[in-house]
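Welcome, and please open the structure in your viewer. We will go from stop to stop, with something to select at each one.

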Amino acid sequence: MISRSNEQYHAAMRVLAAYIEQQLPAINDFLARETDKLDPLVRPAAAHVLAAGGKRLRPVLAILCARALGHKGAAIYPLACSLEFLHSATLLHDDILDGAVLRRGKAAAHIVFSRTEAVLAGDVLLALANQLVASYGDPRLTTCLSEAIMLTVAGEVAEIVNTREMDSSLETYMHIITGKTAYLLEASCVVGALLAGVNDELIKAASVFGLNMGIAFQIVDDAMDYTSASSVSGKPAGGDLREGKLTLPLIYHLESLSPARREALLSDIRSKALSEEALAQLLADIQSSSCTERARALAGEYAAKAARALEAFPESEERKVLDCALEFVLQREK
């Protein structure tokens, strides 16, 4: 990844968009066919979360890594789509845990249907993802997905615990986001490399690329929550703050406060005692500071690590698209 002019950046985004557009029909067709096979009780909720959109980043990364490392043919698609089913399962469950009413600007599945249907749909999609990966008969793929699931759940648990403990350390924040986001993106890249049958060095490069890209992705996502009129989940700006989540812009803001003021604010956030006026003022304070810019700068450091790992890949069109995907993660605004 290199620093690009505005014109170069938009050219890179066109390359990425063209590749995603090329892959989406096969991805969406497979997702739809597998969803249609589900039990009628859970099928509507599963179809709802899958239809909510998104750029299918995880299956696209799996396809890109497999192709960049020499894999040909259609065998990648069930494996790639297993990552989207797994991701969708986490979204269904997360929205219930967070009490979210929107997902990418649309009503969350548990609002449209019921909590029971949404929970069961998430369970079924998780089982389906495991079934698809197991069908390849490669224990390495099964291990990769299983570890990613365990680490993702651990990250989600850590985030829930921290809404009570209010640990505002950078170490805790990094542990949470690596778990809840980065490990699944890492797995997306690694399964593509495994299917391509490459050596351990290239598998490691795929792992480092995906992990650091995932960390950068979540940091930028958290920064956007304070700067965008609407975050990618469809929530208003400051949605994480209202949910009591200590994300990086808020952590940087807390560092600027006196110990007494910091503890008082953390106590108010924990108990959800901040009025709408106080929330709006806190949001304005963070927006007018350098906190979000500092967060994006840290994301840039992780993106640079990912870019260095990508240098181990052989030259190919897919490697160029992976570089464009990294630029998208770093520069996106919505």
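A residue is called buried when its relative accessible area is under 20%, exposed when that value is over 50%, and partly exposed in between. Keep in mind along the way that this model is predicted.

**Stop 1: a salt bridge with an exposed end**

Select E315 and R319. These two residues form a salt bridge, and their closest N and O atoms are 3.8 Å apart. Which end is buried, and which is exposed? E315 has a relative accessibility of 63%, over the 50% mark, so E315 counts as exposed. R319 has 18%, under the 20% mark, so R319 counts as buried.

**Stop 2: a salt bridge network**

Now select D98, E159, K180, E243 and K245 together. Salt bridges that share partners join these five residues into one network. Across the whole structure, a search finds 14 salt bridges.

Zoom in on K245 and D98 to begin with. They form a salt bridge in which the closest N and O atoms are 3.2 Å apart. What does this pair tie together? K245 lies in the loop between α10 (239–242) and α11 (248–255), while D98 belongs to helix α4 (residues 76–98), so the bridge ties together parts that are 147 residues apart in sequence. K245 is buried, with a relative accessible area of 10%, whereas D98 is partly exposed at 33%.

Next, move to E159 and K180. They also form a salt bridge, with the closest N and O atoms 2.8 Å apart. This pair links distant parts of the chain: E159 sits in helix α7 (residues 139–165) and K180 in helix α8 (residues 170–196), 21 residues apart. Here E159 is buried at 10% relative accessibility, and K180 is buried with a relative accessible area of 17%.

**Stop 3: the cysteines**

Show the cysteine side chains. How many disulfides does the structure hold? It holds zero. Select C144, for instance: C144 is in no disulfide, and the nearest cysteine sulfur, that of C189, is 9.8 Å away. C144 counts as buried, at 13% relative accessibility. Then click on C291, which is buried with a relative accessible area of 5%.

**Stop 4: two helices that pack**

Color helix α3 (residues 57–68) and helix α15 (residues 317–331). These helices pack at an angle of about 145 degrees, and their axes are 8 Å apart. Turn the view until one helix lies over the other: α3 passes α15 in a left-handed crossing.

Which residues make the contact? On the α3 side, select L61, L64, C65, R67 and A68; on the α15 side, select E318, R319, V321 and L322. By class, the contact has six nonpolar residues, three charged ones and no polar ones. You have met R319 already, as the salt bridge partner of E315.

**Stop 5: L266 and its neighbors**

Select L266, in helix α12 (residues 259–270). L266 is buried, with a relative accessible area of 3%. Leaving out residues up to four places away in sequence, L266 touches M166, S168, L246 and L254. Add D167 to the selection as well: the C-alpha atoms of L266 and D167 are separated by 8.9 Å, and the two residues are 99 residues apart along the chain.

**Stop 6: G99**

Go to G99, in the loop between α4 and β1 (102–103). G99 counts as partly exposed, at 48% relative accessibility. Try the distance tool on G99 and L24: their C-alpha atoms are separated by 30 Å, and the residues are 75 residues apart along the chain.

**Stop 7: two positive phi angles**

Most residues other than glycine have a negative phi. With that in mind, select R56, which has a positive phi of about 55 degrees although it is not a glycine. R56 is in the loop between α2 (43–50) and α3.

Finish at K272, which has a positive phi of about 55 degrees and is not a glycine either. Its place is in the loop between α12 and α13 (276–287). Are these two residues buried or exposed? R56 is buried, with a relative accessible area of 9%, while K272 is exposed, with a relative accessible area of 56%.

Conventions:
Residues are numbered from 1 along each chain as its sequence is written. This is a predicted model: local features need pLDDT of at least 70, side-chain atom pairs count only at pLDDT 80 or more; totals for chains, interfaces and linings use all residues. Side-chain values use heavy atoms; hydrogens and water are left out. A salt bridge is a side-chain nitrogen of Lys or Arg within 4 Å of a carboxyl oxygen of Asp or Glu. Helices (H or I, at least four residues) and strands (E, at least two) are DSSP runs, numbered from the N terminus. Buried means under 20% relative accessible area, exposed over 50%, partly exposed in between (1.4 Å probe, protein chains only). A disulfide is a pair of cysteine sulfur atoms within 2.5 Å. Axes are lines fitted to C-alpha atoms, for helices over the stretch in contact, and angles run from 0 to 180 degrees between N-to-C directions. A crossing is left-handed if the near helix is turned anticlockwise from the far one by less than a right angle, and right-handed if clockwise. Contact means heavy atoms within 4.5 Å. Ala, Val, Leu, Ile, Met, Phe, Trp, Tyr, Cys and Pro count as nonpolar, Asp, Glu, Lys and Arg as charged, and the others, Gly among them, as polar.
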